[in-house]
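Student: Could we take a close look at the largest pocket, please? Which elements supply its lining?

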Amino acid sequence: MGIRTSFTWRERLILGRGKLRRLYLGLLRPGYVKASLARRVGQCDRTGVCCHLMYTCPLLDTKSNPVRCSIHEIKPLSCRLFPIDERDLKDRDIVSPDTPCGYSFIPLEEFRRRRDASEGGN
């Protein structure tokens, strides 16, 4: 697993903006988060890449295989929600473009078609 530790200023700016965006969304936009997470499919592959956005989380247990959060039961909201939407996956890919995330998102239009079809079928 190739995790980058050196970033350009532009990449640092993108990653920093992503951290602030996730904090904002998690605290102040719960409706957006809920709607976006409804489109999320897949599962966490426990690569730990999301724990390396901008800096390595000091609570990441890298000695276990696979890596794990040492405070998994009480980890912060922004960690529990990650990834909130496709932008988070783009941020994650800056850190490790060759290690795919286990999560993806159903495109919004397709999600709406599926939702409308299931509501119409009831």
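Tutor: Happily! This is a predicted model, where local features need pLDDT of at least 70, side-chain atom pairs count only at pLDDT 80 or more, and totals for chains, interfaces and linings use all residues. Residues are numbered from 1 along each chain as its sequence is written, and side-chain values use heavy atoms, leaving out hydrogens and water.

At least two lining residues each come from α1 (9-28), β3 (68-69) and α3 (77-81); helices (H or I, at least four residues) and strands (E, at least two) are DSSP runs numbered from the N terminus. The biggest share, four residues, is from α1.

A pocket is an open set of points on a 1 Å grid over the protein atoms alone, where a 1.4 Å probe fits, with protein on both sides within 12 Å along at least five of seven lines; lining residues have an atom within 4 Å of a point. The largest pocket holds about 850 Å³ of space, a volume being the space filled by probe spheres set on the points, which are joined across faces, edges and corners.

Its lining has 34 residues, with Cys 50, Cys 51, Lys 75, Cys 79 and Phe 82 nearest the centre. By class, the lining residues are 18 nonpolar, seven polar and nine charged. Here Ala, Val, Leu, Ile, Met, Phe, Trp, Tyr, Cys and Pro count as nonpolar, Asp, Glu, Lys and Arg as charged, and the others, Gly among them, as polar.
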